[in-house]
Amino acid sequence: MGRSSRRQQDDDGPADRPVLPEHLEVVETDGGLLFRRDGRDQSFVDVTDPARLPFDYVRRLADALDVLAPPGEPLRVVHVGGAGLSLPRYLAVTRPRSAQTVLEPDEALTAAVRALAPLPARSGIRVRPVLGRPGLEALAAGERREGADVVVLDAFDDGRVPADLASGPGLRALAAVLAPHGTALLNVADEAPFALARDVLAAVREHLPQVCVSAEPATLRGRRPGNLVVVASRAPVPVRALEERARRGGAPYRVLDAATVSDTLGGGSPRPDPA
């Protein structure tokens, strides 16, 4: 854990306005705040309308969250990677009383978010200033835990999923945090021929055998890099409901069922931990 106070970690009020370090930038645009880290867009926050999610892959993560349980039903969610807390804010308004834990090691980023885009009171969102892998292992080892309904992996290191989270042991640690009925949502940035996504899927299916994947058509055709959103569980995943969301969305996307995932993104091998 870092030295952040409870005031910084819980939703009991914003911290003082921070002086941003060089690696962070916040831009006011399109009626909200765009958070950038090391020159990369991290998240967009509309404090007045947390359900507005202009990033395509975030919208797809939200679509998956929408169909995992009846509307409005609270969920226990662990987010690996926080940035502007866009997805936790979305859940707080669409599924009130959800208990959300966010693992975000960048304390300067969290301080900036709390100062510039404060969380509402009683949001149920708690931020832990820890790296993803140690944070998951600590949660899995916790006593009297119920397990999470959902774990969302949306963490990046230089534009890629951190190696210790994309490895076989890292994805085993993620699966260990889930309740038996739980679902993992993974945002994997990749491009054709999808070497990383293939290896991540091979590791995920060792623990969560039911999978589907959503992506933009141009990414699947190899025309540009993009974000593949993996939905994985021990129980059947809601492929048909996601397909309906994909057809109705403002930015249509493709949903690959388990058989198509095997044909299109198969052949990988779980990666070892980095040295």
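How many Å apart are the mean positions of the positive and negative charges of the chain? In this predicted model, the answer is 4 Å, with 35 positive and 37 negative charges going into the two means.

First, the overall picture. The chain carries 11 helices and 11 strands. Its C-alpha atoms fit a box of roughly 50 × 45 × 40 Å along the principal axes. The radius of gyration comes out at 18 Å, which agrees with the value near 19 Å for a compact globule of 275 residues. Half the story is inside: 50% of the 275 residues count as buried. As for the outside, about 12,700 Å² is exposed, and carbon and sulfur atoms supply 49% of that area. Contacts also reach well along the sequence: among those between residues at least 6 apart, 70% join residues at least 24 apart.

Back to the charges, now pair by pair. The structure holds 21 salt bridges, and a few of them deserve a closer look.

One sits within a helix. Arg 60 pairs with Asp 56, with 3.0 Å between the closest N and O atoms. Both residues belong to helix H2 (residues 56-67), where they are four residues apart, or about one turn of the helix. Arg 60 has a relative accessible area of 2%, under the 20% cut-off, so it counts as buried.

Another pair spans more of the chain. Asp 190 and Arg 160 form a salt bridge at 3.2 Å, N to O. This one links distant parts of the chain, 30 residues apart: Asp 190 is in strand S8 (residues 178-190), while Arg 160 is in the loop between strand S7 (148-153) and helix H6 (163-166). The two ends see their surroundings differently, as Asp 190 is buried at 5% relative accessible area, whereas Arg 160 is partly exposed at 34%.

Then there is Asp 199 with Arg 271, whose side chains meet in a salt bridge at 2.7 Å, N to O. Asp 199 is part of helix H8 (residues 195-204) and Arg 271 is in the segment after helix H11 (258-265), so this bridge ties together parts that are 72 residues apart in sequence. Here Asp 199 is buried, with a relative accessible area of 15%, and Arg 271 is partly exposed, at 33%.

Salt bridges do not always come as isolated pairs: Arg 59, Asp 63, Asp 66 and Arg 245 are joined into one network by bridges that share partners.

Technical notes: Residues are numbered from 1 along each chain as its sequence is written. This is a predicted model: local features need pLDDT of at least 70, side-chain atom pairs count only at pLDDT 80 or more; totals for chains, interfaces and linings use all residues. Side-chain values use heavy atoms; hydrogens and water are left out. A salt bridge is a side-chain nitrogen of Lys or Arg within 4 Å of a carboxyl oxygen of Asp or Glu. Helices (H or I, at least four residues) and strands (E, at least two) are DSSP runs, numbered from the N terminus. Buried means under 20% relative accessible area, exposed over 50%, partly exposed in between (1.4 Å probe, protein chains only). The radius of gyration is taken over C-alpha atoms; the globule rule is 2.2 Å times the number of residues to the power 0.38. Contact means heavy atoms within 4.5 Å. Accessible areas come from the Shrake-Rupley method with a 1.4 Å probe; for residues, only the protein chains shown count as cover. Lys and Arg count as positive and Asp and Glu as negative; His and the chain ends are not counted. The place of a charge is taken as NZ of Lys, CZ of Arg, CG of Asp or CD of Glu.
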